[in-house]
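Student: I would like to learn how to read the features of a protein model. May we go through one together?

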Amino acid sequence: MRTSRLLVRSGLTVAAAAALPLTLASGPAAARASGISVSTTGSTVSVVTGSCTQINGSWGTAALLTSGQASFSQGRQVALSGTASGQSAAWSGVSPGTYTVVVMCSRGDTAGTQSVIVSAPSTPTISATASPSRGVMGGLGGATRDYGTVTMAVGGALVGAGAIAAAWFLRRRSKPYRL
């Protein structure tokens, strides 16, 4: 009984794992219907497609429409360029806003339509920061506090006294008959 349950569970897992790549590859229906890919970089909008064929030396035309424009002829039109595997077009100096990109192939059909949002360029903010008045405090005395002259003199005296005591101890140890 346990073996059959285990086999049923593992069979279902294997079936789900086999179906996952097919599900991911197919994508949503809306994404498959559009044969274009639109991207923005700063104030440049670009479109890429592989749906058009070349007729009389022309791949087709792409248009960038603002929200107030309703037809393909009203938009900023750019001729597609590229190869049989992919064609592209780009618009530069596009002001911030929402746009629609439409690609018309040379045979008269629409390769796809997609909306894109062009964001305002971000300007870097410059802020002044206070720099240390005395630079980096390294070397003797540490890097976190200024201990002052008296503290440094006492520390030097302790180091000197330690050096004299160590020399006296080592000298006394080498001659055991002395006091």
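Tutor: We shall move from the whole chain to its sheets, and then to single residues. Please keep in mind that this is a predicted model.

Student: How many helices and strands does the protein chain have?

Tutor: A useful start is to list the elements along the chain. Here there are three helices and eight strands. Read from the N terminus, their order is α-α-β-β-β-β-β-β-β-β-α.

Student: What share of the residues in the protein chain is buried?

Tutor: Of the 179 residues in the protein chain, 16% are buried. One may also consider the surface itself: the accessible surface is about 13,000 Å², and carbon and sulfur atoms account for 62% of that area.

Student: What do the contacts say about residues that are apart in sequence?

Tutor: Take the contacts between residues at least 6 apart in sequence. In this protein chain, 50% of them join residues at least 24 apart.

Student: In what order do the strands of the sheet with strand 7 and strand 8 stand?

Tutor: The order within a sheet is read across it, from neighbour to neighbour. This open sheet of four strands has the order 4-3-7-8, and the pairing is antiparallel. Strand 4 (76-79) and strand 8 (110-118) each have a single partner strand, so each has one side without a neighbour in the sheet. From one strand to the next, the twist averages 20°.

Student: How many bridges join strand 7 to strand 8?

Tutor: Strand 7 (residues 97-105) and strand 8 run antiparallel and are joined by eight bridges. As an example of residues facing each other across strands, V102 is opposite T113 of strand 8.

Student: Which strands form the open sheet that includes strand 1?

Tutor: Its four strands stand in the order 1-2-6-5, again with antiparallel pairing. At the edges are strand 1 and strand 5 (81-82), each of which pairs on one side only.

Student: What do strand 1 and strand 2 form together?

Tutor: They form a hairpin with two residues between the strands, and G42 in the turn has a positive phi of about 65°. Strand 1 (residues 36-41) pairs with strand 2 over six bridges, in the antiparallel sense.

Student: How should one read a single residue in a strand?

Tutor: As a general idea, side chains in a regular strand alternate between the two faces of the sheet. For a case, consider S46, which belongs to strand 2 (residues 44-49). S46 is the bridge partner of S39. Leaving aside residues up to four places away in sequence, S46 touches S37, V38, S39, A89 and A90. S46 and S88 are 42 residues apart in sequence, yet their C-alpha atoms are 7.2 Å apart in space.

Student: Why does S46 count as partly exposed?

Tutor: The class follows from relative accessibility: partly exposed lies between buried, under 20%, and exposed, over 50%. S46 has a value of 22%, and therefore counts as partly exposed.

Student: Which residues form a nonpolar patch on the surface?

Tutor: V150, V154 and L158 form it, with about 320 Å² of accessible area together. V154 is in helix 3 (residues 149-174). Because its relative accessibility is 48%, V154 counts as partly exposed.

Methods:
Residues are numbered from 1 along each chain as its sequence is written. This is a predicted model: local features need pLDDT of at least 70, side-chain atom pairs count only at pLDDT 80 or more; totals for chains, interfaces and linings use all residues. Side-chain values use heavy atoms; hydrogens and water are left out. Buried means under 20% relative accessible area, exposed over 50%, partly exposed in between (1.4 Å probe, protein chains only). Contact means heavy atoms within 4.5 Å. Accessible areas come from the Shrake-Rupley method with a 1.4 Å probe; for residues, only the protein chains shown count as cover. Patches are made of residues with over 30% relative accessible area and no salt bridge: like charges are joined within 9 Å, nonpolar side chains (Val, Leu, Ile, Met, Phe, Trp, Tyr) within 5 Å. A salt bridge is a side-chain nitrogen of Lys or Arg within 4 Å of a carboxyl oxygen of Asp or Glu. Two strands pair if DSSP finds at least two bridges between them. Axes are lines fitted to C-alpha atoms, for helices over the stretch in contact, and angles run from 0 to 180 degrees between N-to-C directions.
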